[in-house]
Amino acid sequence: MKGIFVVGAGPAGMFAARQIALAGYDVFIFNRDIKPGGLAEYGIYPLKEKMKAGLRKQFAQVLALPNVHYFGNILIGDSYDISLAELEAMHPAAIVFACGAQGARKLRLPGADAKGVYAAKDFVYHFNQLPPYSGMDFSTGKHIAIVGMGNVAIDIARWLLQDAPDRKTESVTIVARRGPLEIKFDEKEIEYVEHHIDRDELAAELARVKEPCTRCNQDVSPEKIYAEHFRKLNDPGFQFAPPRLSFRFLSSPVAILPDANGRIAKLEVAENDLVLKPDGSTSAVQTDRLVTLDIDTLIFAIGDAHDAKIGLPMGPEGYATEPDPANPNEAHYAVWNPATESVVPGFYVTGWARKASTGLAGIARHDGEVGASKAIEFVKNAPDSNTLSEEEILARLEARGLHPITKADLALLARAEQREAQQRQMPSFKYSRNDEMFNAIADESLEQAEPQLAPTS
Ligand SMILES: Cc1cc2nc3c(=O)[nH]c(=O)nc-3n(C[C@H](O)[C@H](O)[C@H](O)COP(=O)(O)OP(=O)(O)OC[C@H]3O[C@@H](n4cnc5c(N)ncnc54)[C@H](O)[C@@H]3O)c2cc1C
């Protein structure tokens with residue numbers, strides 16, 4: 001049998017699996033988390049229920065295909081549960097790595113190990129209830145700085161300003177290395193939190209960075225910036241509502257100063273100058289002008305990095321993919337080994353594993369499908385690899401002391417969660433600990449096995 005393995009069950013992995021299954025091959029998904037979905041389940045904002053429900057339904061349809069097999073709760077990687085060599089010893093015809101970008105990017109600053117300093121993905125995993133992050137301390141204080149000005153930064157601000165159940169938030173400050181013209185968040189996302197912006201304060205901040213921006217031919221007048229990024233601020237009836245959302249442009253964090261308990265108390269930032277380059281682009285250049293912000297929580301939302309512990313060859317941009325000097329901008333999916341200067345036969349990367357922190361779920365889906373088609377093309381021309389069967393793979397995983405979750409287990413878990421949701425009168429419910437999920441699966445399975453007792457009169 002020529003079976004294809006997929007590592008990761010986020011949008012890229014799930015839609016890669018669908019493509020492979022529809023091409024007639026058996027596909028075996030290995031996923032770190034018990035449940036499929038990746039960041040669609042554990043990253044997308046918790047209140048985007050309709051979007052999440054739609055994606056869950058599509059993932060369930062993929063799992064319903066008879067030639068799709070699933071092993072959840074299994075971490076693949078040379079430093080994890082199953083090494084790449086062990087995976088290859090199960091004889092896949094090809095492997096598609098769709099494991100996302102699990103490494104956190106934090107600036108290496110003095111004091112960075114202070115309490116209250118977090119990477120955005122870990123924080124988002126926490127409030128989206130992904131074990132083990134769900135049970136870890138991600139406490140926030142009154143004054144929070146978020147470094148970065150993309151959609152993830154705004155999602156986190158929204159959570160802290162409006163929805164975190166235990167929030168004490170009085171202010172959230174977005175700290176950005178570059179100027180207002182480099183804002184990366186979408187209008188749809190900022191709309192949720194625009195009423196927390198003090199119009200006069202933002203106007204003063206735009207005035208503060210006007211000189212270097214104007215020197216680089218950047219118009220940062222409130223009229224222009226509001227029209228492009230903060231539409232509601234142009235509304236004559238606009239009203240500010242606390243807590244406060246502030247912006248600090250052209251600023252780079254340089255040091256974290258902890259208090260006596262080891263928690264961040266201040267963030268030192270250097271003001272940046274903006275410099276026009278000969279090609280018309282700009283770069284932010286750090287000056288020696290320092291400003292200290294009173295902050296008790298700091299979150300880095302500057303994108304994710306690839307996970308080196310998996311053991312795939314790494315290049316400057318993450319996992320190395322086949323270079324093509326003739327088409328340097330074209331996307332490549334085959335894994336490249338720089339040491340041997342050749343592709344690793346049958347290894348492909350896709351989604352955020354190919355390009356970290358790039359694109360929404362729809363883009364990851366498309367990338368998964370393209371990556372899968374490359375793997376299918378390779379497998380078509382390859383000899384039979386004698387891939388192990390589902391039962392044989394399960395036996396190997398269990399012999400290693402692992403606790404793989406199968407499609408049948410997921411169906412039991414879904415039923416248990418539906419029942420909980422009904423009992424709690426919630427639109428949906430999800431367990432936030434692995435042991436709770438194991439117990440729910442076991443209980444549900446027992447319930448199904450028990451013979452129905454005749455009602456007693
Ligand atoms: C905070 C946030 C908010 C977002 N909001 C939106 C939104 O509103 N709308 C939208 O369309 N998109 C949104 N996105 C983007 C979207 O989530 C991504 O485009 C998409 O999830 C990327 O898919 P992926 O499959 O490549 O990676 P991921 O979704 O990260 O999936 C990776 C999968 O691999 C598994 N995995 C990781 N390591 C291993 C390993 N070693 N072994 C086995 N399995 C492993 C993980 O468990 C996971 O299931 C958001 C992203 C973030 C971070």
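Me: Which domains does the shell around the ligand draw at least three residues from?
Reply: Domain 1 (3-102 + 307-405) and domain 2 (103-304) each give at least three residues to that shell. Keep in mind that this is a predicted model.

Me: How many residues surround the ligand, and which are the closest?
Reply: The count is 34. Asn-31, Asp-33, Lys-48, Ile-76 and Trp-352 are the closest.

Me: What is the shell like by class?
Reply: It has 21 nonpolar residues, nine polar ones and four charged ones.

Me: Which helices and strands supply at least two residues each?
Reply: Four helices and a strand do. The helices are H1 (11-22), H2 (39-42), H6 (151-163) and H11 (361-380). The strand is S2 (26-31).

Me: Back to Lys-48. How far is its side chain from an oxygen atom of the ligand?
Reply: An N or O atom in the Lys-48 side chain is 2.8 Å from a ligand oxygen.

Me: And which residues have a polar backbone atom by a ligand oxygen?
Reply: Gly-359 has one at 2.9 Å from an oxygen atom of the ligand. For Ala-361, the distance from a polar backbone atom to a ligand oxygen is 3.0 Å. As for cover, the ligand taken alone exposes 1000 Å², and the protein buries 95% of that.

Me: New topic. What volume does the second largest pocket have?
Reply: About 1200 Å³. Its lining has 35 residues, and those closest to its centre are Lys-35, Glu-41, Arg-56, Glu-417 and Phe-429.

Me: Which elements give two or more residues to that lining?
Reply: Helix H3 (49-63), helix H5 (120-127), H6 and helix H13 (407-424) do. H13 gives the most, with nine residues. H6 also supplies at least two residues of the shell around the ligand.

Me: How many residues of each class line the second largest pocket?
Reply: There are 17 nonpolar, eight polar and ten charged residues in the lining.

Me: Which domains does that lining draw at least three residues from?
Reply: Domain 1 (3-102 + 307-405) and domain 2 (103-304) each provide at least three.

Me: Last one. Where is Asp-198?
Reply: In the loop between helix H7 (187-190) and helix H8 (199-208).

Me: What does the side chain of Asp-198 contact?
Reply: A polar atom of that side chain lies 3.0 Å from the backbone nitrogen of Asp-200. The Asp-198 side chain also makes a polar contact of 3.1 Å with the side chain of Arg-244.

Definitions and conventions:
Residues numbered from 1 in each chain as written. Predicted model: local features only at pLDDT ≥ 70, side-chain atom pairs only at ≥ 80, totals over all residues. Heavy atoms only, no water. Near = heavy atom within 4 Å. Polar contact = N/O pair within 3.5 Å; in protein donor to acceptor, adjacent residues only side chain to side chain. Areas by Shrake-Rupley, 256 points an atom, 1.4 Å probe, with all protein chains shown as cover. Nonpolar A, V, L, I, M, F, W, Y, C, P; charged D, E, K, R; others polar. Domains from an automatic or database assignment. 1 Å grid on protein atoms, 1.4 Å probe; cavity = no way out; pocket = protein on both sides within 12 Å on 5 of 7 lines; lining within 4 Å. Points joined across faces, edges and corners; volume = space filled by probe spheres on them.
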